[in-house]
Amino acid sequence: MIGVVGAGAFGTALAIAEAAQGTEVRLWGRDAAAMAEAEASRTTPYLPGATLPPTLACTGDLADLATAEAVLLVVPAQATASFLAEHGAALPKMPLVLCAKGIDARDFRLQSQIAAAALPHATVAALTGPGFAGEIAAGLPTALTLACADGETGRVLQETLSTARLRLYLTDDVVGAELGGALKNVVAIGCGLIEGACLGASARAALMTRGFAEMTRLAVALGARPETLTGLSGLGDLSLTCGSSQSRNFRLGQALGAAEARPGGTVEGVATARAACKLGRERGVELPIAAAVADVLEGRLDVEGAMAALLARPLKSE
């Protein structure tokens, strides 16, 4: 049995994908009444049109996950620390797979660092890469990165969680995989800003490319291997989210660039932009694109001002 903690769109999509192959899955959500309704109706408001497979059970009681072989934690990145502080002791003593993509805004820790501090004896992995919730739930072909420092546990999780439609590639570079998934959200907001402000496809391609260079510089400074960033968790996820309104980060940037109201929902790149800038300053890594995105998000610059500042930087070699 596989446990999935967090019944939002992505958590529900992963639960559906695992259960679609006949695996017993239990999906936990904080709102017990909503989970009972989902169990009865076999539908979820987070993925309209999706039907829950018969082997997927919805619950509001973490005790129902006690026999899980693995637990996927799919709460928002900024909620991971508080969730584990409150509920960590109730989770099964089995591998914990972290699925949020973000850096904690309060103390700038990665999700794996938060989990290691809260659950020092747990085996932790990270699941990240290019996958939209609706497509995963619909059974469309998807490939993701599974990162685990313990090679044997990683191989078991890879076998357990891979399905006919969801292919997992294994790495032991947890830091690189997590940073790829988190930092690409900042670049996706920037690309959305360009799209919303109608600055052109050329500008978006330039920002995406130079943003990838920034991602790699900071990730390497924080201990990642550069080749990890060229894989699914970095370049793959970047290419997906920098040109599609299915991405909440891109959609936020698009709205701000067009001077429209901010869309609702969790947008992980907002907190990560600020955290990336802080980490860059501490490590002496220049992050002009992340800084420009943070300035727009926090109202210090408008889109035209941010683009002008980037274009006015001293000329340099690529």
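Where is the place of isoleucine 194? Isoleucine 194 sits in helix 7, and the first view starts there. Keep in mind that everything shown here comes from a predicted model.

**View 1. Isoleucine 194 and its surroundings in helix 7.** With a relative accessibility of 1%, isoleucine 194 counts as buried, because the cut-off for that word is under 20%. Look past its neighbours within four places in sequence, and you'll find isoleucine 194 in contact with Leu199, Gly200, Ala203, Arg204, Leu207 and Met307. For a sense of scale, pick out aspartate 31 as well: the two residues are 163 places apart in sequence, and their C-alpha atoms are 37 Å apart in space.

**View 2. The largest nonpolar core.** In soluble globular proteins, nonpolar side chains tend to be buried together. Here the largest such core has 41 residues, and the members that touch the most others are Ile103, Leu183, Val187, Ile189, Met215, Leu218 and Val293. At least two core residues come from each of helix 7 (174-196), helix 8 (201-221), helix 11 (248-257), helix 12 (268-283), helix 13 (288-297) and helix 14 (303-311). Helix 7 is the top contributor, giving 10 residues. Zoom in on valine 293 and you'll see it touching Val186, Ile189, Gly190 and Ala273, if residues up to four places away in sequence are left out. Another core lies apart from this one; it has 37 residues, including Val4, Ala7, Ile16 and Cys148.

**View 3. An open sheet of 8 strands.** Follow the strands across and you get the order 3-2-1-4-5-6-7-8, with mixed pairing. At the edges are strand 3 (56-59) and strand 8 (166-171), each with pairing on one side only. From one strand to the next, the twist averages 25°. Strands of a sheet pair through backbone hydrogen bonds, either parallel or antiparallel. Strand 4 (residues 70-73) and strand 5 (residues 96-98) run parallel, joined by 3 bridges. One pair to look for is valine 71 with its bridge partner in strand 5, leucine 96. Helix 4 (residues 111-118) packs on the sheet, where it touches strand 5 and strand 6 (124-128). The direction of helix 4 makes about 150° with that of strand 5.

**View 4. Strand 6, covered on both faces.** Strand 5 and strand 6 are also parallel, and 3 bridges hold the pair together. Leucine 98 stands opposite alanine 126 of strand 6. In a regular strand the side chains alternate between the two faces of the sheet. In strand 6, one side has Val124, Ala126 and Thr128, the other has Ala125 and Leu127, and all are buried. That's 5 of 5 residues.

**View 5. The largest pocket and helix 1.** Rolling a probe the size of a water molecule over the atoms shows where empty space is left. The largest pocket holds about 1200 Å³ of space. Its lining is made of 46 residues, with Gly8, Ala9, Phe10, Gly11 and Arg248 lying nearest the centre. Elements giving two or more residues to the lining include strand 2 (25-28), helix 2 (32-41), helix 5 (133-137) and helix 10 (232-241). The largest share, 4 residues, comes from helix 1. Helix 1 is largely enclosed by the rest of the structure, because 11 of its 11 residues are buried. Among them are Phe10, Thr12, Leu14 and Glu18.

Key
Residues numbered from 1 in each chain as written. Predicted model: local features only at pLDDT ≥ 70, side-chain atom pairs only at ≥ 80, totals over all residues. Heavy atoms only, no water. Pairing = 2+ DSSP bridges. Axes fitted to C-alpha atoms, helices over the stretch in contact; angles between N-to-C directions. Contact = heavy atoms within 4.5 Å. Core = buried A, V, L, I, M, F, W, Y, C linked by side-chain atoms within 4.5 Å. Buried < 20%, exposed > 50% of the residue type's maximum accessible area, 1.4 Å probe, protein only. 1 Å grid on protein atoms, 1.4 Å probe; cavity = no way out; pocket = protein on both sides within 12 Å on 5 of 7 lines; lining within 4 Å. Points joined across faces, edges and corners; volume = space filled by probe spheres on them.
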